[in-house]
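Good morning, and thank you for attending. I would ask you to keep the structure in view while I speak.

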Amino acid sequence: MNLNQIHNVYFVGIGGIGMSALARYFKNIGKQVCGYDKTPSMLTNELIESGIDIHFEDNVALIPASFKPENTLVIITPAVPKSHLEWNYFLAQNYEVKKRAEVLGIITKDTFSFAVAGTHGKTTTSSILGHILYESGADVTAFIGGIVENYNSNLIGLGKTVTVVEADEFDRSFLHLHPNIACVTSMDADHLDIYGTSEAIEASFVEFANKVEDKSKLFIAQGLPLEGMVCAINNDAQFKAFNVRVEDSSYVFDVQTPTELITNLRFGLPGRHNLMNALMALAMAKTYGTPTEAIASALSTFRGIRRRFSYQIKRSDLIYIDDYAHHPTEINAVHQAVRELYPGQKVLAVFQPHLFSRTKDFADDFAASLSNFDEILLLDIYPARELPMEGVTSQWLMDKMTNDNKRLVEKEHLIASIQSSDAKVIVTIGAGDLGEMVPSIKKALDETF
């Protein structure tokens, strides 16, 4: 498929974080872009403001008449049901219909591509790497699964020859990609509704890793069952971060690469997991040939990603942090970072479970992770693409928690419940629609304290 021959791009599910990055990309290279989404959101509002036409009714009559089968690419998200009227219309009329991952595969085939894989850390690592390459002057476009604070966008750069993409294991999407340099940050069990077993997930990651034949261009976290360049903190590895200390709420650290010692790097995102993400990005950029000075400068100016340990309020008397964490490993990482930064402070965690299947598969781990906080407010499970499962509820999950300072809260009562807590550190956690409430929570807390 030749993207140069496509004049129009139509998105079914344009408001998704990955889909909206592609929408921005195609608009930036001069295509006519429009699409459908189920509900308005901050992302769809931003796309509309940029000049992209979006509607929220599944109605074939709302598809522009100029979007013909011979000049239009249709991109769909896996979250769209097979009964969707517009999707079925496009199929019946023989439009070119592709999944987002397939389109990324086409784009990466024609560019020098960096691919970031892993069950955790993809978005942060990709955005750090994209920031490093862009700041160093590379001709890069980075497709990010979150809004990067430095750019207020999920797209970095307008480059034509270099791409950075998140290699998403969901639905084995990353097998469509054509990476020149890649990394694997983690291989924890997840998406068991798709894979069935952790062994199947591991096999899929091995298949992805095998796409990079030169193993000096594949970077892996220590302990993963893959062949590649190992990255580690305070352990022997080809890329080793050590002498780590915290100064003025930032990490300062040294890195030993196969060829040089880099000292006094500064990086502002909290949590050892983010330090590891920065090390992975450094290793890939260094291997590509990015100058050390440019890497150091970019690391020091990287401001993070919306909903990834994102400070909403940062005062001496109140801290409010929002995070997208939706897996026990990610929740543990949030907890570690909060305790490191605010030792001895009472921490309230607000959690919205994401997917019935994920809640069921990792219920005991969720319960253990959440119990580490001092106080827990638990919302109902956000279903996303799933129907309810009998017996899998937030009450069932809460009953497994060992911390007694916990309660279920309806969304309409959430703000009042947060305001009634005496915790001075508050974190909202989850990948559902909790993120849409963050501005209201911030406003209420600002008015209360």
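I shall go from the chain as a whole to one group of paired strands, and then to a single residue.

Please bear in mind throughout that this is a predicted model.

Let me begin with the overall dimensions. How does the radius of gyration compare with that of a compact globule? For 449 residues, such a globule would have a radius of gyration near 22 Å, and the chain has 22 Å, so the two agree. Taken along the principal axes, the box filled by the C-alpha atoms is roughly 65 × 55 × 45 Å.

As to secondary structure, the chain contains 15 helices and 21 strands. Buried residues make up 56% of the 449. If we consider contacts between residues at least 6 apart in sequence, 65% of them join residues that are at least 24 apart.

Next, the surface and the charges. The chain has an accessible surface of about 18300 Å², and carbon and sulfur atoms account for 47% of that area. On the side chains we count 39 positive and 55 negative groups. The centres of these two sets are 3 Å apart.

I now turn to strand 6, which spans residues 112-117. Is this strand mostly covered or mostly open? Five of its six residues are buried, so strand 6 is mostly covered by the criterion of under 20% relative accessible area. Which strands pair with strand 6? One of its partners is strand 9, residues 162-167, in the parallel sense and over six bridges. Within that pairing, Ser113 stands opposite Thr163 of strand 9. Strand 6 also pairs with strand 10, residues 181-184, again in the parallel sense, here over four bridges. In this case Val116 has Cys183 of strand 10 as its bridge partner.

Finally, I come to Val97, which is located in strand 5, residues 96-99. Why does Val97 count as partly exposed? Its relative accessibility is 21%, and buried would require a value under 20%, so Val97 is assigned to the partly exposed class. Leaving aside residues up to four places away in sequence, Val97 touches Val74, Ile76, Trp87, Phe90 and Leu91. For one of these, Trp87, I can add a distance: the two residues are 10 apart along the chain, and their C-alpha atoms are separated by 8.5 Å.

That concludes my presentation, and I thank you for your attention.

How values were computed: Residues are numbered from 1 along each chain as its sequence is written. This is a predicted model: local features need pLDDT of at least 70, side-chain atom pairs count only at pLDDT 80 or more; totals for chains, interfaces and linings use all residues. Side-chain values use heavy atoms; hydrogens and water are left out. Helices (H or I, at least four residues) and strands (E, at least two) are DSSP runs, numbered from the N terminus. Buried means under 20% relative accessible area, exposed over 50%, partly exposed in between (1.4 Å probe, protein chains only). Contact means heavy atoms within 4.5 Å. The radius of gyration is taken over C-alpha atoms; the globule rule is 2.2 Å times the number of residues to the power 0.38. Accessible areas come from the Shrake-Rupley method with a 1.4 Å probe; for residues, only the protein chains shown count as cover. Lys and Arg count as positive and Asp and Glu as negative; His and the chain ends are not counted. The place of a charge is taken as NZ of Lys, CZ of Arg, CG of Asp or CD of Glu. Two strands pair if DSSP finds at least two bridges between them.
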